[in-house]
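Reader: I am new to this structure and would like a close look at a single part of it. Please take one strand, go through its surroundings, and then move outwards from there.

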Amino acid sequence: MPWHPDAIKRPITADKGRSPLGAHNRVNLHVAVSEAASLFGFFNVSGQVDSHFYVRRDGTFEQYVNTDDNAFADLEGNDATISIETQGGVTNPNTEPWTPAQAERLAQLYAWCAVQHRIQVKLATSSALGEPSRGLSWHRLGIDGDFPALPSILAGREQRGGGMYYSRSRGKLCPGDTKIGQIPAIFARAQAIIPTLPAPAPMPNVLEDDMIVILNKSNNAAIIVSGGRSAPVVGWDQYVNLTQTLPSLGVSAAQFAAITTAFPSGA
Ligand SMILES: [Zn+2]
């Protein structure tokens with residue numbers, strides 16, 4: 001269910017060369033520096049950045065991109081990030097808080113993404129590849145600037161020892177000091193929500209005959225092939241877990257496309 005059932009669904013149709021997310025490693029929080037009720041018109045232009053979600057001040061929200069696919073809000077993190085933009089940040093970007101309705105919606109959305117895509121339930125600590133950048137994250141973790149030093153939560157990319165660039169715009173405030181300060185409480189709220197959510201559809205049972213995991217080397221997408229059937233592998237962690245017990249074969253993007261055509265997903 002990669003379209004959220006409660007979202008105002010406005011799929012971006014402009015061709016941007018979107019790809020499937022090879023892994024779902026983090027949810028990144030942003031502020032749009034806009035009071036617009038919708039970013040759809042701004043986003044639905046080829047070459048323009050975009051995000052998966054946009055949360056208005058009243059907590060209602062739009063979804064522009066299927067969370068199976070990449071959006072373009074996080075530069076070097078785009079291949080493994082679900083991005084959430086939020087209304088606000090125009091007049092006092094560093095001191096304006098998210099409204100209570102926005103904070104609740106952000107907790108709900110992160111919880112949904114964590115369950116749906118098996119994203120780790122933890123706060124990211126930097127934008128470094130691997131564990132530190134997984135979980136609930138925010139734009140400043142991948143932005144350089146004259147931000148406070150650790151252990152302040154307001155520290156940016158440089159102060160945290162480097163990592164992926166989520167933006168090259170030095171000093172960009174996104175999402176701003178006061179909003180960053182709200183993130184631990186948003187995370188705590190998400191932890192309470194997660195156990196109440198239904199589990200995603202289980203993997204089809206393909207244990208009765210030989211199975212192999214086939215990995216697309218170009219983007220880390222993977223499928224399990226079992227006899228005449230296949231099933232999608234949802235994320236990098238699951239792929240790693242499966243390859244500890246199953247044989248694994250890395251193939252080119254063209255070979256992967258041919259295999260997924262021959263063995264339609266979940267068929
Ligand atoms: Zn941002």
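Author: Strand 2 (residues 26–29) and strand 5 run parallel and are joined by four bridges. Val27 has Ile82 as its bridge partner in strand 5. This is a predicted model. Strand 5 also has a parallel neighbour in strand 3 (residues 53–55), with three bridges between them. There, Phe53 stands opposite Ile84 of strand 5.

Strand 5 itself covers residues 81–86, and six of its six residues are buried, so the strand is largely enclosed by the rest of the structure. What points which way from strand 5? Thr81, Ser83 and Glu85 point one way, while Ile82, Ile84 and Thr86 point the other way. In a regular strand, side chains alternate between the two faces of the sheet. The residues on both sides of strand 5 are buried, Glu85 and Ile84 among them. For the chain of 267 residues, the buried share is 38%.

The loop that leads from strand 4 (61–63) to strand 5 contains Leu75. Phi of Leu75 is positive, near 45°, although Leu75 is not a glycine. Leu75 has 18 C-beta neighbours inside 10 Å and therefore counts as partly exposed; the cut-off for a buried residue is 20 or more.

The wider setting is an open sheet of six strands in the order 1-4-3-5-2-6, with mixed pairing. Its edges are strand 1 (8–9) and strand 6 (135–138), each of which pairs on one side only. At the strand 6 edge, the partner is strand 2, and the two pair in the parallel sense over four bridges. Leu29 stands opposite Trp138 of strand 6.

Helix 3 lies across strand 2 and strand 6 and runs at about 160° to strand 6. Phe187 belongs to helix 3. Apart from neighbours within four places in sequence, Phe187 is in contact with Leu123 and Leu136. Phe187 counts as partly exposed because 19 C-beta neighbours lie inside 10 Å. Its C-alpha atom is 9.6 Å from that of Gln108, although the two residues are 79 apart along the chain.

Gln108 leads on to the contact between two helices. The axes of helix 2 (residues 100–117) and helix 3 (residues 177–193) come within 8 Å and cross at roughly 55°. The two helices are therefore oblique to each other, and their crossing is right-handed. On the helix 2 side the contact includes Ala103, Leu106, Gln108 and Tyr110, and on the helix 3 side it includes Gln182, Ile186 and Arg189. By type, the residues of this contact divide into eight nonpolar, two polar and two charged.

Two loops remain, both of them ending or starting at strand 6. Arg118 is in the loop between helix 2 and strand 6. Arg118 has a positive phi of about 55° although it is not a glycine, and with 16 C-beta neighbours inside 10 Å it counts as partly exposed. The loop between strand 6 and helix 3 holds Pro151 and also Pro175. The peptide bond from Leu150 to Pro151 is cis, with omega near 10°. The bond from Cys174 to Pro175 is cis too, with omega near 0°.

Notes. Residues numbered from 1 in each chain as written. Predicted model: local features only at pLDDT ≥ 70, side-chain atom pairs only at ≥ 80, totals over all residues. Axes fitted to C-alpha atoms, helices over the stretch in contact; angles between N-to-C directions. Parallel < 35°, antiparallel > 145°, perpendicular 65-115°, else oblique. Left-handed = near helix turned anticlockwise from the far one by under 90°. Contact = placed C-beta atoms within 7 Å. Nonpolar A, V, L, I, M, F, W, Y, C, P; charged D, E, K, R; others polar. Buried ≥ 20, exposed ≤ 12 C-beta atoms within 10 Å, placed from the backbone. Pairing = 2+ DSSP bridges.
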